[in-house]
Amino acid sequence: LLVVAGLRPAVVGAAALTIVVDRTDDAPAAQACTAAANDCSLRGAVLKANGDPANSYTITFTGDNTYTLNQDNETPDDATIRDLDILVSLTIDGQGPLNTTISAGDAFRAIHIHPSAFVEIKDLLIRDGIEQDERGGAGILNEGSHLAIHNVVIEQNASSLAGGGIANYGAYLSIEDSELFLNSSADDNNGANVSTECGGAIYHEGAGTVVVARTLIDTNSAQWGGGGICQFGGELVVRDSGFYANTATGAAVGDTGGGAIYTQDGTGSTTTVVRSLFEANSSKSGGAIRSNSPSFWITNSTFAGNTAENGGAIGARTGAMTVVNSTFAGNLASATQQTMLAETAQGGSLTVRNSILWTPDDNGSSIDCAGVTDGGGNVQWYGASDTGFSGACPGTAGFPELGLLQDNGGYTWTMAPE
């Protein structure tokens, strides 16, 4: 809760110190960070904070600048080179994503947060990172710290392992009022899709918690699963967020899953999605979502124009998925189960209630739902209003007469009944 509020636990006797980055180069020696001019680089400011754990630092910036990391040698975990190694609790506070940019220059990762810290990053842009070791996370690697991200754009980071934008291991990650754009998880082997190519924007592993709120996750990709988010254990909560044009379609023969979200069981995953929009995402199974979580809840959300070979919108491979008060419109599958499916042979179950399930008939050889349990209160239809018919999805047959996907109030666009 401290992280969500943007606060860090107070250290007894600690001074709250603010230092200002006043030069744009990557000089590790520039860490005096006094009132004098030109004595504080971004790397120098982080090194200064690392060297003074008894106090609490906020690192700020002046002007509209890009801070490109370019220190390099053969020792990636040397804090004076490559990624910014954060070892202590601190805040990095930019001037806004249009004004403050941290770039890794397509050479290495941008930020590496080491265990047991409370870190807040806000009001800036992080871009052009590549994964540099076996942990993934081209933009940010968080290993066991509490990390809060607010009003940050994370874009064009590429990992050959999991987590193009962020790789989070354990602990707590909060992302609010941010955007993750054009991040990717893909190795150089196009002959196989492998499980390490997961989480184009975000990868989470372990027993920690990830909360994503009021955030846009768009045009990210992963070869194997979770073009947007890949969850392997722990708890994932998504609220009031949008997933657009994320892909997990693979470069090789073989199944892939969850263009927007893919969840593995891991250490007993639980997943909750509330008031969120999934539009134009794609994969081979579960165009927007494919789940292996023991518990996956979707409430008050909209799925429109997602595509897959099987399960155009969502698929429950294993575990129990429950959908409530949600709208599914225009999702397509090129093979079977255009709107949703429960892979019952794998142990998956999918219950839907109080939802609208409309499937176009663009692929007349495909049914609309398979293995789905009717929780009551659903309306379903297959095809156009005048030539369509009752499909295989659960619920009362009737064309839903939905309006366009548009701003009807709230954080994401919806399709209001007309």
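What follows is a chat about why certain residues in this predicted model get the labels they do.

Me: Before we start, what should I know about the numbering and the values?
Reply: Residues are numbered from 1 along each chain as its sequence is written, and side-chain values use heavy atoms, with hydrogens and water left out. Since this is a predicted model, local features need pLDDT of at least 70 and side-chain atom pairs count only at pLDDT 80 or more, while totals for chains, interfaces and linings use all residues.

Me: Okay, why is Q231 called buried?
Reply: Buried means under 20% relative accessible area, exposed means over 50%, and partly exposed is in between (1.4 Å probe, protein chains only). Q231 comes in at 1%, so it counts as buried.

Me: And where does Q231 sit?
Reply: Q231 is in strand β20, residues 229-232. Strands here are DSSP runs of E with at least two residues, and they are numbered from the N terminus.

Me: What makes the link from the side chain of Q231 to the backbone oxygen of T270 a polar contact?
Reply: A polar contact is a pair of N or O atoms within 3.5 Å; within protein, one must be able to donate a hydrogen and the other to accept it, and residues adjacent in sequence count only if both atoms are side-chain atoms. The Q231 side chain reaches that T270 oxygen at 3.1 Å. There's another one too: a polar atom of the Q231 side chain lies 3.5 Å from the backbone oxygen of G233.

Me: Which residues is Q231 in contact with, leaving aside its neighbours within four places in sequence?
Reply: Contact means heavy atoms within 4.5 Å. The list for Q231 includes H204, Y262, T270 and S293.

Me: How do you know that D93 and K122 form a salt bridge?
Reply: The rule asks for a side-chain nitrogen of Lys or Arg within 4 Å of a carboxyl oxygen of Asp or Glu. For D93 and K122, the N to O distance is 3.9 Å, and they make a salt bridge. D93 lies in strand β5 (residues 90-93) and K122 in strand β8, so the pair ties together parts that are 29 residues apart in sequence.

Me: Are D93 and K122 buried or partly exposed?
Reply: One of each! D93 has 19% relative accessibility, so it counts as buried. K122 has 22%, so it counts as partly exposed.

Me: What makes R135 and E143 a salt bridge?
Reply: Their side chains meet at 2.7 Å, N to O, and that puts them in a salt bridge. R135, at 34% relative accessibility, counts as partly exposed, whereas E143, at 19%, counts as buried.

Me: What about R214, which residue does it form a salt bridge with?
Reply: That's D177, with the closest N and O atoms 2.8 Å apart. The pair links distant parts of the chain, 37 residues apart: R214 is in the loop between β17 and β18, and D177 is in the loop between β13 (172-176) and β14 (179-181). R214 has a relative accessible area of 26%, so it is partly exposed; D177 has 30%, so it is partly exposed.

Me: What is notable about the phi of R214?
Reply: Phi is near 50°, a positive value in a residue other than glycine. D123 has a positive phi of about 60° and is not a glycine either. D123 lies in strand β8, residues 118-127, and its relative accessibility is 19%, so it counts as buried.

Me: How many salt bridges are there by the rule?
Reply: The count comes to 12. R127, D128 and E155 are linked in a network of salt bridges.

Terms used:
Helices (H or I, at least four residues) and strands (E, at least two) are DSSP runs, numbered from the N terminus.
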